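Trainee: I'm new to this one. Could you pick a single part and take me through it closely?

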Amino acid sequence: ARITLRQLLDHAAEHGYGVPAFNINNMEQGLAIMEAARACDAPVIIQASRGARSYANDIMLAKMMEALIEMHPAIPLCIHQDHGNNEATCLSAIRHGFTSVMMDGSLMADAKTPATYDYNVAVTERVARMAHWVGASVEGELGVLGSLETGQGEAEDGHGAEGALSHDQLLTDPDQAVDFVTATRVDALAIACGTSHGAYKFTRKPDGDILAMQVIEAIHEKLPNTHLVMHGSSSVPQELQDIINEYGGEMPQTFGVPVEEIERGIRHGVRKVNIDTDCRMAMAGQFRRVATQDPREFDPRKFLKPAMDALRDLCRDRFERFGTAGNA
Ligand code: G3H
Ligand code: 13P
Ligand code: NA
Ligand code: ZN
């Protein structure tokens, strides 16, 4: 059944679990995520970025979500816009059946320039007001994702040494978070704690200097009733790096967010955990393996089926470790 983010995260908070939000671009990802949810009786958030919407087409995505719901009527499914950049993106998502939108006002509408606090509050409050009129939920973001090791942020001017972002920009301020949630009335708050998108998050296994879980605890103390969201939450498991590299990949050694750190976050108010990179790596490893082990193969299903199985197993592991399993 289709469910809003607010409904789902209220339940998660009441029962002390977290919900993975897996990114989706195509049918195979949808099938694998829902198969995992069904296998362990978990509610789930499926999210589409602007890139996913233009890749798959809004109509295709909407009908696919409808099909997944019809195939799995007992699984609560929240359909979420990931990183909406302006009001129009958020509203068109809702028109296509999304039950939740992220208005990412931490960046300007170009999704490259860091925004001022006042801009963020104003645009997020507008989207929240409009979304709530029609029963959809809203996630806002305060703080810019990026590496505490290099100061390189998501924002364009965070690249390179001279444009490096400060710790003030890369870590959400707990007092400002209270003000932001009060002013915008968001249903969930994405925070910045040293994670970044993609596979290259940390050059070593992260400690508190570069993955600031203590910031989450401080925010949760001030906002005990606000659902927190962790972006950039892929764990970049060593075994997925190894499969890719064993079959011709050339991924340099890298480190993601250990699952136990996410579990710690869940004990301190994190309810939505965004994961895309791990899903991509699970599938890509199998594409490479099949291509290498059977170079005569050309049936796409022979590549996609093992990729779906690997994605399903990854999703299942996260449902179990985040405590989502058994809550459908
Ligand atoms: O926020 C980033 C997500 O991993 C989506 O990535 O914009 O390449 O679809 P994308
Ligand atoms: P990862 O790149 O760590 O999977 O993060 C995904 C994300 O935050 C999507 O919004
Ligand atoms: Na999001
Ligand atoms: Zn994100």
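Mentor: Sure, and keep in mind that this is a predicted model. Let's start with strands β6 (residues 188–191) and β7 (residues 227–230): they run parallel and are joined by four bridges. Zoom in on A190 and you'll find that its bridge partner in β7 is V229. Helix α5 (residues 87–95) packs on the sheet, where it touches β3 and β4 (100–103). The direction of α5 makes about 160° with that of β3. As for what holds such strands side by side, strands of a sheet pair through backbone hydrogen bonds, either parallel or antiparallel.

Now step back to the whole ring. Eight strands close into a barrel, and going round you meet them in the order β1-β2-β3-β4-β5-β6-β7-β8, with parallel pairing. From one strand to the next, the twist averages 25°.

Next, have a look at ligand 1. Around it sit N23, S49, G51, A52, D82, H83, H197 and D276. Two elements, α3 (50–56) and β3 (77–84), each give two or more residues to that shell. Sorted by class, the shell has five polar residues, two charged ones and one nonpolar one.

One last stop is E35, which you'll find in helix α2 (residues 27–39). E35 counts as partly exposed because 18 other C-beta atoms lie within 10 Å, while a buried residue would need 20 or more. Along the sequence, E35 and C315 are 280 residues apart, yet in space their C-alpha atoms are 9.2 Å apart.

Key
Residues are numbered from 1 along each chain as its sequence is written. Chains are lettered from A and ligands numbered from 1 in the order in which they are written. This is a predicted model: local features need pLDDT of at least 70, side-chain atom pairs count only at pLDDT 80 or more; totals for chains, interfaces and linings use all residues. A residue is near a molecule or strand if its C-beta atom, placed from the backbone, lies within 6 Å of it. Ala, Val, Leu, Ile, Met, Phe, Trp, Tyr, Cys and Pro count as nonpolar, Asp, Glu, Lys and Arg as charged, and the others, Gly among them, as polar. A residue is buried if 20 or more other C-beta atoms lie within 10 Å of its own, exposed if 12 or fewer, and partly exposed in between; C-beta atoms are placed from the backbone. Two strands pair if DSSP finds at least two bridges between them. Axes are lines fitted to C-alpha atoms, for helices over the stretch in contact, and angles run from 0 to 180 degrees between N-to-C directions. Two residues are in contact if their C-beta atoms, placed from the backbone, lie within 7 Å.
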